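User: I would like to go through this model with a few specific questions. Please reason briefly and finish each reply on the value or name I ask for.

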Amino acid sequence: MMKLNGGMTRMAGPGLAVLLASLAGSGVAVADQAKIDDALAAAWPGMAEGAQVVDWEGNVLKEGSNGYTCMPTPPSMTGTAPMCLDEAWQEWGQAWQNKEPFEVESMGIAYMLAGDEGASNVDPYAEGPTDDNEWIVEGPHLMLIAPAELLEVYPTDPHNGGPYVMWKGTDYQHLMVPVGARD
């Protein structure tokens, strides 16, 4: 065996190649794990283990069994906004994303326990704060969808100290339930 710099032998070459190949492949695994960790930051601890995690391209990063699907912060955002959605919220999300009509047929619960980077309280498609769109950056919260008549009794003011209706009067209205302090 021929000695190389530092006392290594040529026999180390194939082993080193295998190690480097495995490390190169682990870059994807590390990136996926970061997405999984971010997505599950939205869940309460008892839900995280059984939740499915998908990225924004629809790739399953972690299989799940409890009916919740968690997604990491959207790649277009610079802050934090992971979410975990039940089936009703997944249907809602598809309609909202595609700007399609949506009628709530059953109650749905979504978790954003890592908070979010902000949204308009009145415009479902606002991309940033303006003087008249009531931009709110919410801390940890739950979101509930329910038939419109069940949301009528709640205020729309995000500063009232309790739950409030976001996007009232649209197909995408939902109840925001703060469960932690806003940053």
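User: Is Glu152 buried, partly exposed or exposed, and what is its relative accessible area?

Analyst: The model is a predicted one. Buried requires a relative accessible area under 20% and exposed one over 50%. Glu152 falls between these limits, so it counts as partly exposed, with a relative accessible area of 48%.

User: Which residue forms a salt bridge with Glu152?

Analyst: Glu152 sits in the loop between helix 4 (148–151) and strand 9 (164–166). Its partner lies in the loop between strand 9 and strand 10, 16 residues apart from Glu152, and is partly exposed with a relative accessible area of 38%. The closest N and O atoms of the pair are 3.6 Å apart, within the 4 Å cut-off for a salt bridge. The partner is Lys168.

User: How many salt bridges does a search of the whole structure find?

Analyst: Side chains of opposite charge can pair when their charged atoms come close. Lys168 and Glu152 form one such bridge, and the side chains of Arg182 and Glu138 meet in another, at 2.9 Å from N to O. The count for the whole structure is 2.

User: How many residues apart in sequence are the parts that Arg182 and Glu138 tie together?

Analyst: Arg182 lies in the segment after strand 10, while Glu138 is in the loop between strand 7 (135–136) and strand 8. The salt bridge between these side chains therefore ties together parts of the chain whose separation in sequence is 44 residues.

User: Of Arg182 and Glu138, which counts as buried?

Analyst: The limit for buried is under 20% relative accessible area. Arg182 has 30%, so it is partly exposed. At 3% relative accessibility, the buried residue is Glu138.

User: How many of the residues of strand 10 are buried?

Analyst: Strand 10 covers residues 174–178. It pairs with strand 8 in the antiparallel sense over 4 bridges, and with strand 9, also antiparallel, over 3 bridges. Strand 10 is largely enclosed by the rest of the structure because its buried residues number 4 of 5.

User: In strand 10, which residue is the bridge partner of Met143?

Analyst: Strand 8 (141–145) and strand 10 pair over 4 bridges. Among the facing residues, Leu142 stands opposite Val177 in strand 10. Tyr164 stands opposite the residue asked for, and the bridge partner of Met143 is that residue too, Met176.

User: How many bridges join strand 5 to strand 8?

Analyst: Strand 5 spans residues 108–112 and runs antiparallel to strand 8. One of the facing pairs is Met112 with His141 in strand 8. Strand 8 is mostly covered, with 4 of its 5 residues buried. The number of bridges joining strand 5 to strand 8 is 5.

User: A polar atom of the side chain of Gln173 lies 2.9 Å from which backbone nitrogen?

Analyst: Gln173 is in the loop between strand 9 and strand 10. It is buried, with a relative accessible area of 9%. The 2.9 Å separation is within the 3.5 Å limit for a polar contact. The backbone nitrogen belongs to Gly169.

User: What is the phi of Trp167?

Analyst: Trp167 lies in the loop between strand 9 and strand 10 and counts as buried at 6% relative accessibility. Its phi is positive although Trp167 is not a glycine. The value is about 60 degrees.

User: And what is the phi of Glu134?

Analyst: Glu134 is placed in the loop between strand 6 and strand 7. It is partly exposed, with a relative accessible area of 41%. Glu134 is not a glycine either, yet its phi is positive, at about 50 degrees.

User: Which element gives the largest share of the lining of the largest pocket?

Analyst: The largest pocket has a volume of about 1,200 Å³. Of its 42 lining residues, the closest to the centre are Trp56, Pro74, Met77, Met83 and Trp96. Elements that give two or more residues include strand 1 (52–54), strand 3 (69–71) and strand 4 (83–85). The largest share, 7 residues, comes from helix 3.

User: How many residues of the lining of the largest pocket are nonpolar?

Analyst: The lining divides into three classes. Polar residues account for 12 and charged residues for 7. The nonpolar residues number 23.

Methods. Residues are numbered from 1 along each chain as its sequence is written. This is a predicted model: local features need pLDDT of at least 70, side-chain atom pairs count only at pLDDT 80 or more; totals for chains, interfaces and linings use all residues. Side-chain values use heavy atoms; hydrogens and water are left out. On a 1 Å grid over the protein atoms alone, a cavity is a set of points where a 1.4 Å probe fits but cannot get out, and a pocket is an open set with protein on both sides within 12 Å along at least five of seven lines; lining residues have an atom within 4 Å of a point. Grid points are joined across faces, edges and corners, and a volume is the space filled by probe spheres set on the points. Ala, Val, Leu, Ile, Met, Phe, Trp, Tyr, Cys and Pro count as nonpolar, Asp, Glu, Lys and Arg as charged, and the others, Gly among them, as polar. Buried means under 20% relative accessible area, exposed over 50%, partly exposed in between (1.4 Å probe, protein chains only). Two strands pair if DSSP finds at least two bridges between them. A polar contact is a pair of N or O atoms within 3.5 Å; within protein, one must be able to donate a hydrogen and the other to accept it, and residues adjacent in sequence count only if both atoms are side-chain atoms.
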